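These are my notebook entries on a structure I looked up. I began with the overall build of one chain and then turned to packing and to the contact between chains.

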Amino acid sequence: MKSFSKTFNIQELIRPLGQMAFFSIGTTLLLSIFTLLLAWILDRTIVGQTLLDRLNVSLFTYTLVNLPQVALDGLTIGFVYAAIALGYTMVYGVLEFINFAHSEIFAVGAFVGVEILIALDSFGVLKGASLGWAYVYLIAAIVAGMVAAGALAVTVERIAYRPLRHASRLVPLISAIGVSFLLQDLIRLVESLTTGQFNRIFPTFGNFDRRLLLGKMSLGATNITFGVSVKSIIVIVAAVLMLVALNYLVNATKIGKAIRAVAQDHPTASLMGIDVNRIISLTFLVGGLLGGAAGVLYALKFTRIDAFVGFFPGLKAFTAAVLGGIGNMTGALLGGIVLGMLETYAGSYMGVFTMGAAGTEYKDIFAFSILILVLIFRPQGLMGASVAQKA
Amino acid sequence: MFHLLKNVVQPIDRMISSFPRVFILAHIFLGAALVYMSPRSNLAFLVLITSFYSLYHFPTDRWFKLTAGMVLTLLIFPVLGVRNIFYLEVIFQISVFAALALGLNIVVGFAGLLDLGYVAFYAVGAYLWAFFGSQQYYVLPFAPGTQPSNLPFLLPGDAFYLFMFIAIIVAAITGILLGTPVLRLRGDYLAIVTLGFGEVIRVLANNLDKPLNFTNGPQGITPIQRPTMPDWVVDGFNRIFAWIVGHEVSPADMYNVMFYLMALLVIVVIVYVTKRLDDSKIGRAWTAIREDETAAIAMGIPLVRMKLAAFAVGASFAGVMGVLLAGSRTFISPESFSFMQSIGVLAMVILGGSGSIPGVILGAATVTILNLQVLQGLSLYLSQLRQSDAVIPIINFAWANLSTQLDPAKYQRLLFGLILILMMIFRPEGLIPSQRRKRELSGEGNPSGE
């Protein structure tokens, strides 16, 4: 029994699950209460009046009715951000370096996954696939995206970052920006050479687009239904599985111990017999695997991808990592969930609350404003402790 | 490989250096003659424009350099440029980007602060004149595309000159406003925050067409006024140069010459200011901050104030060029101020050599020429191949089947990315390293420049 507990640390499986549940529920509750409060106040002003004239509902009811859907959407995108943010945070933890090209590694994962599904579709395999096979294909696409992205991340580290390991801090960062730009156009080059199309569409198969009905609610004359689409569930479940696995890898295995040792001190870690270069490669591999899977999940959720698909999710995931405290894995998880939620709430309600003056189009700015505010007032992030000096 | 190149180039270089004037004059005349004879050839233009480099590179006395440079910029380029307006356009763009690169050089090269949203300041300048120098003030209450057609202009075109100065101040203030909260952050965080700021400005430009129509949204503002040009300028130019130009120059073409000269003037001022700053107490404070922040504080350098100064000076250069751009294009849209432009300017600084004034100008020229002439030339060549019925021999692929999406002119990111990676790995000090850097490298043999 004792040896079992040594090889298999059950606590490290439960802890992240608890954290995720706590973060998700906590963020949802806090944001919902805040939004409802704001709606309740605004209801008494001209804003509420305008909505009443236009849609014949009070602002408070409108907000309440949309809330479950918004929260769920926010959670879905939040988990995608968390998965990408972990890639940033792990690399930062080990090398103290922002891997700017991580967003393109994410994009490559998305493209490889979607291309495989498109190829399967063109053979006619997907159309008649039974439900079980549909999931097999989806998992195959995710795994392919992970492998491609992981391999790419390791290659990029080997070629563009390792020679610069001992240069001043800005040198590898500039190189990473270069890699990011290069990869964006390489994806575009490959896509335009093969098909001449700029976009890729995630093929429709299986039951991923179906909505599961959760409940009904009648409000005045209208009937409101709450639903959750299957793909949202898939995204969340897949992300949770990956995050738990990663947490286990880092916190409960020997390799994870090596990663943590390298993050603390390169020379000392190498004196302890750890091959620092291999661990750094491994960190990039793990970050790439997560990024690639997140890419395919993102494509599943948003259907349409192009060569620049990585830019905004990448930046927001970075924001999430900083928000949670860069270098801190639990922080990245929290940051991703909080940012995804905040952004979705803002995107959904800002238009109504400001009477259409500022709508969804400011969603992206919102993330940056949060980043700037966090860096000004709490540069170590929500969970970070000792990284203030590094900032 | 690099060594081999050096072994070939160095003796030639030494040989030319023994009779520099003859070579420089020959270079200029050869270039001018080539461009005169074949005004459409990109190669001829390259020969002419590289004469700037040989003028800079080979050691002669100051007066010779000054005179030759004046003749080249004030006489040869305008006259040959009106024969093919595209060349003037290329040189104008080189000047604009050189000014931007010099501004970014102050922030990145001198003070060591990586600014990834630099075009935001450029956008501030451009939108400043675009708003006040167009009908936009009267368009405020109208949604884009619904305004009546007979609106007056808010300010006369000659206010343009005044706005070049206002833009300096406004852009500098924007720089300080942005800098104040974020300059406490070090290195890479600052880079991301400035990136975010650049995106914020672009998104604002894209979306501030409601509730009040400030920027006209993605369609952009047009028409923007140019300063008036008196008739005698066109007449005079035609009277003097008609025999060599070969046709009457229209006022529209003359405007290109005027903006080219204005850009040149701005560059001269900027180079002068940058040189003076570099040699001043402020410049040395910047260097100290770049090399070691903690040590700089210990030496009593007011860290935040010096960083703000770098931000403000860099921003003001971009602000002026923004006004110039708005005036010369008469059209401004958020497209011109994307993140890619910021990286393009960064690529220029890095390629040329951050901290080095001639290097940065060389970087701006190289990247702009690659962008405007080489990539676009390739595009043209490809589209010709596509229309012909040529076939790639071995794999038996007809050019006509090549995707029309494949347009090299659109692959600037590839170019910028390659420049950044290759320079960082193989030559982080740039093509023309700054003097200080050179001394460091030769003295200690520490190539990483830590």
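Entry 1, burial. I found that 48% of the 391 residues of chain A count as buried, a residue being buried if 20 or more other C-beta atoms, placed from the backbone, lie within 10 Å of its own. The model is predicted: local features need pLDDT of at least 70, side-chain atom pairs count only at pLDDT 80 or more, and totals for chains, interfaces and linings use all residues. Residues are numbered from 1 along each chain as its sequence is written, while chains are lettered from A and ligands numbered from 1 in the order in which they are written.

Entry 2, dimensions. I noted a radius of gyration of 22 Å for chain A, which agrees with the value near 21 Å for a compact globule of 391 residues; the radius is taken over C-alpha atoms, and the globule rule is 2.2 Å times the number of residues to the power 0.38. Along the principal axes, the C-alpha atoms of chain A fill a box of roughly 70 × 55 × 50 Å.

Entry 3, elements. I recorded 14 helices and four strands in chain A; these are DSSP runs, helices (H or I) of at least four residues and strands (E) of at least two, numbered from the N terminus.

Entry 4, core. I looked up the largest nonpolar core and found 255 residues, with A:Ala82 and A:Ala83 having the most contacts inside it. Such a core is a set of buried Ala, Val, Leu, Ile, Met, Phe, Trp, Tyr and Cys residues joined through C-beta atoms within 7 Å. H4(A) gives the most to this core, 20 residues.

Entry 5, a helix pair. I examined H4 (residues 59-95) and H8 (residues 230-252) of chain A, which pack at an angle of about 35° with axes 9 Å apart; axes are lines fitted to C-alpha atoms over the stretch in contact, and angles run from 0 to 180 degrees between N-to-C directions. The contact includes A:Ala82 and A:Ala83 of H4(A) and A:Ala239, A:Met242 and A:Leu243 of H8(A), contact meaning C-beta atoms, placed from the backbone, within 7 Å. Beyond its neighbours within four places in sequence, A:Ala83 touches residues including A:Ala239, A:Leu290 and A:Ala294.

Entry 6, between chains. I found 38 residues of chain B in contact with 38 residues of chain A. H9(B) provides the largest share of the chain B side, 11 residues.

Methods: Contact = placed C-beta atoms within 7 Å. Buried ≥ 20, exposed ≤ 12 C-beta atoms within 10 Å, placed from the backbone.
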